[in-house]
Amino acid sequence: MDKKAVTMDKIVNLCKLRGIIYPGSEIYGGMGNTWDYGPVGVEVKNNIKRAWWKKFVQESENSFGVDAAILMNARVWDASGHTASFSDPKMDCKECKTRQRADNLIENHSKGKVNPDKLTQEEMQAYIDEHKVACPNCGKFNWTPIRNFNLMFQTSRGVTDESTNVIYLRPETAQGEFVNFLNVQRTTRAKVPFGIAQVGKAFRNEITPGNFIFRTIEFEQMEHQWFCKEGTDGEWYEYYKKSAKDFLLALGFKEEHLRYHDHDKLAHYAKAACDIQYLFPIGWSELNGIHNRTDYDLSRHQEYSGKAMGYLDPFTNERYIPYVIEYSIGADRLMLATLCEAYDEQELEGGDTRVVMHFHPAIAAYKVAVLPLQKNLGEKAKEIYKQLAKYFMVTYDEAGSIGKRYRRQDEIGTPYCVTIDFDTLENGTVTLRDRDTMEQVRMSVEEVISYVNEKILL
Ligand code: GAP
């Protein structure tokens, strides 16, 4: 299907209709930019996270997982630099009271010709004043000056509101990996180079959230920090650039829908940084990041915690603070890209059309739908459902014509439909329909189990 025909509206509507993603707190009128995953969506997202973990922990000889607390000692954020500088340049429209990001205003106004990453705050202000860049919401030009707005959500622990009790919802999972560097190294006896991975929630009070689950205030990250010796960092940086792309290709992303984007303006700690962008319906946008963070994070934690963060090389007896290559990808951002990549509308023979989600079988919510041809075959069908459900996620549907049931499964991307008919009662065989080719083959239930188990391997 032509990529341009995949619109965000189509994706959002399908998600709501088929139990993939609903607006958050909907019965109370919703809460802007929060989303709840439904029965199908939670499976797909869990499968995405599992696939990532498999590739970057299970199959990586020297990577280990952690699940650190979301609420961390506030000093962590002083050390990481988030308290001082995790901010975006914001402007408030005095007319309609909306808040906008100055960098986005410039990028949109110049149609991408001016890169705001290369401008200082004063230069951004000058551009906006000179070009009288208007508010995208009300069309007026009446702004407050640019101010930096810290994106961390702040709360307080305990019963009093004193400033010493201030804590933050973590804005990235990465720091949970850095503060556990010594613990993991000691308990696993890992030798540098090795990795620490984590999947978990992060929170950012984004100035301009939106585009469905592309940019939200609560989201999940899948992050992997690779600790290596200075001097080998360039090689590992290239390795993770490639691995991150290979992972997407293995999930079924087309090469032409992905591209690397090297950063022009580097964070103060970074030696190199690049995104992999995906061709979303909103245009080319960041899907994940790969950063060479040098020894910044561990050095800062050493300075702020007073704990020596060095690694003693058992072969050379040399003590040093490792460099870090970070690979970071949003689980929800990848979910959105997966939905957009899988979406297809097809014309069928006889003038019928179908929407079909071509998820990789490893990612699909249900691997098999069990469909009795008639309701009086329900008992046998339920028996087969139970047999299959011991191996993978299965769904059951006996409502409506078989054609309609196939369409429903196509829309949620179920790769295989197993139909139970009268021959099933006679000889135990079922028909297995392939979502993409719509071809059907007859086989035993045992054969279905081994066939599907093979296909869901990533
Ligand atoms: N530890 C590095 C870090 O957090 P980042 O580029 O700010 O780097 C990494 O975020 C990834 O997290 C992004 O590439 C994106 O996939 C995801 N992400 C970041 N902000 C997000 C948001 N507000 N909503 C959804 N996903 C987000």
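In what follows, Ala, Val, Leu, Ile, Met, Phe, Trp, Tyr, Cys and Pro count as nonpolar, Asp, Glu, Lys and Arg as charged, and the others, Gly among them, as polar. The model is predicted: local features need pLDDT of at least 70, side-chain atom pairs count only at pLDDT 80 or more, and totals for chains, interfaces and linings use all residues. Residues are numbered from 1 along each chain as its sequence is written, and side-chain values use heavy atoms, with hydrogens and water left out.

**Exercise 1. Describe the shell around the ligand by class, by strand and by polar contact.**

Solution.

Step 1. A residue is near a molecule if one of its heavy atoms lies within 4 Å of it. The ligand is surrounded by 21 residues, and the closest are Glu 172, Glu 206, Thr 216, Glu 223 and Glu 286.

Step 2. Sorted by class, the shell holds nine charged, seven polar and five nonpolar residues.

Step 3. Strands (E, at least two residues) and helices (H or I, at least four) are DSSP runs, numbered from the N terminus. At least two shell residues come from each of β10, β13 (283-294) and β16 (323-330). The most is given by β13, with six residues.

Step 4. A polar contact is a pair of N or O atoms within 3.5 Å; within protein, one must be able to donate a hydrogen and the other to accept it, and residues adjacent in sequence count only if both atoms are side-chain atoms. Arg 204 places a polar side-chain atom 2.8 Å from an oxygen atom of the ligand. For Glu 206, a polar side-chain atom lies 2.7 Å from a ligand nitrogen atom. An N or O atom in the side chain of Glu 326 is 2.9 Å from a nitrogen atom of the ligand.

Step 5. On its own the ligand has 560 Å² of accessible area (Shrake-Rupley method, 1.4 Å probe), and the protein covers 91% of that area.

**Exercise 2. Determine the strand order of the seven-strand sheet and identify its edges.**

Solution.

Step 1. Two strands pair if DSSP finds at least two bridges between them. The seven strands form an open sheet with mixed pairing, in the order β3-β9-β10-β16-β13-β12-β11.

Step 2. The edge strands are β3 (63-65) and β11 (258-262); each has a single partner strand, so one side of each lacks a neighbour in the sheet.

Step 3. Axes are lines fitted to C-alpha atoms, for helices over the stretch in contact, and angles run from 0 to 180 degrees between N-to-C directions. Direction ignored, neighbouring strands of this sheet are turned by 25° against each other on average.

Step 4. Ten bridges pair β9 (residues 194-203) with β10 (residues 218-228) in the antiparallel sense. Phe 203 stands opposite Glu 218 in β10.

Step 5. Contact means heavy atoms within 4.5 Å. Helix α8 (residues 181-188) packs on the sheet, touching β3, β9 and β10, and its direction makes about 140° with that of β9.

**Exercise 3. Locate the cis peptide bond and the positive phi of Ser 25.**

Solution.

Step 1. Most residues other than glycine have a negative phi, and most peptide bonds are trans.

Step 2. Val 192 and Pro 193 are joined by a cis peptide bond, with omega about 10°. Pro 193 lies in the loop between α8 and β9.

Step 3. Ser 25, although not a glycine, has a positive phi of about 50°. The loop between β1 (21-23) and β2 (35-37) contains Ser 25.
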